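Grab a pencil and work through these exercises on strands and cysteines. Try each task before you read its solution.

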Amino acid sequence: YFSLGIHPWFIDQQDLETAMARLAAAGDNPKLLAIGECGLDKCISTSLELQLEVFTKQALLANKLGKPLIIHCVRAFNELLQRKQSLKPTVPWIIHGFTGKPALAGQLVRHGCFLSFGKALLHKNSGASRSLARVPLERVFLETDAAEDISIGEIYTAAAKILVLPLEELQRQIVANFKRVFIHD
């Protein structure tokens with residue numbers, strides 16, 4: 001299984017028309033679970049205007065295909081939420097690698113987003129750790145972001161400790177979230 005998208009870091013490195021055509025063609029593949037990582041990043045040189053254009057195309061495609069959207073977002077949450085309000089998506093939006101503060105987490109959840117937490121949970125006082133404790137479990141995913149030095153087990157253990165939950169209960173909830181968001185057969 002896989003997800004596929006045009007990450008904002010790589011927008012300038014490809015022909016966007018060809019990339020979007022390939023992305024649309026992948027929609028027929030039953031192993032495609034999501035569109036993304038795509039998103040907005042104010043810390044790169046690619047113009048925000050171009051990022052918004054590419055992001056919007058992917059969000060519309062995700063909606064058309066009925067696939068969740070996995071989102072990379074750096075310092076552009078206002079723009080992201082404005083786009084969510086204007087597009088009114090019918091598919092879940094998942095904020096990948098969330099490291100923000102509880103107030104931002106609450107705002108995203110109120111707008112229907114899911115939050116995926118990763119290695120930042122290993123730092124006791126991180127924004128991610130404080131946010132996880134306040135996000136409804138039905139809106140949570142966990143990830144390693146392919147970090148070679150961290151196992152998903154370490155992330156689960158840290159999350160269970162933050163949430164004061166038995167590890168098995170947390171695992172059951174994440175599996176239930178996965179099935180609800182990604183599996184529709």
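**Warm-up: a cysteine**

Cys38 has a relative accessible area of 0%, so Cys38 is buried (buried is under 20%, exposed over 50%, partly exposed in between, with a 1.4 Å probe and protein chains only). A quick note on the source: this is a predicted model, where local features need pLDDT of at least 70, side-chain atom pairs count only at pLDDT 80 or more, and totals for chains, interfaces and linings use all residues. Residues are numbered from 1 along each chain as its sequence is written, and side-chain values use heavy atoms, with hydrogens and water left out.

**Exercise 1.** Work out why Cys38 and Cys43 form no disulfide.

*Solution.*
- Start with the cut-off: a disulfide is a pair of cysteine sulfur atoms within 2.5 Å.
- For Cys38, the closest cysteine sulfur is in Cys73, 10 Å away, so a bond is out of reach.
- Cys43 also has its closest cysteine sulfur in Cys73, at 10 Å, too far for a bond.
- Cys43 is partly exposed, at 47% relative accessibility.
- Searching the whole structure turns up 0 disulfides.

**Exercise 2.** Find how strand 2 pairs with strand 1 and strand 3.

*Solution.*
- Helices (H or I, at least four residues) and strands (E, at least two) are DSSP runs, numbered from the N terminus; two strands pair if DSSP finds at least two bridges between them.
- Strand 1 (residues 2-4) runs parallel to strand 2, with 3 bridges; here Phe2 sits opposite Leu32.
- With strand 3 (residues 69-74), strand 2 pairs in the parallel sense over 6 bridges, and Asp41 has Val74 as its bridge partner.
- Finally, check cover: 9 of the 10 residues in strand 2 (residues 32-41) are buried.
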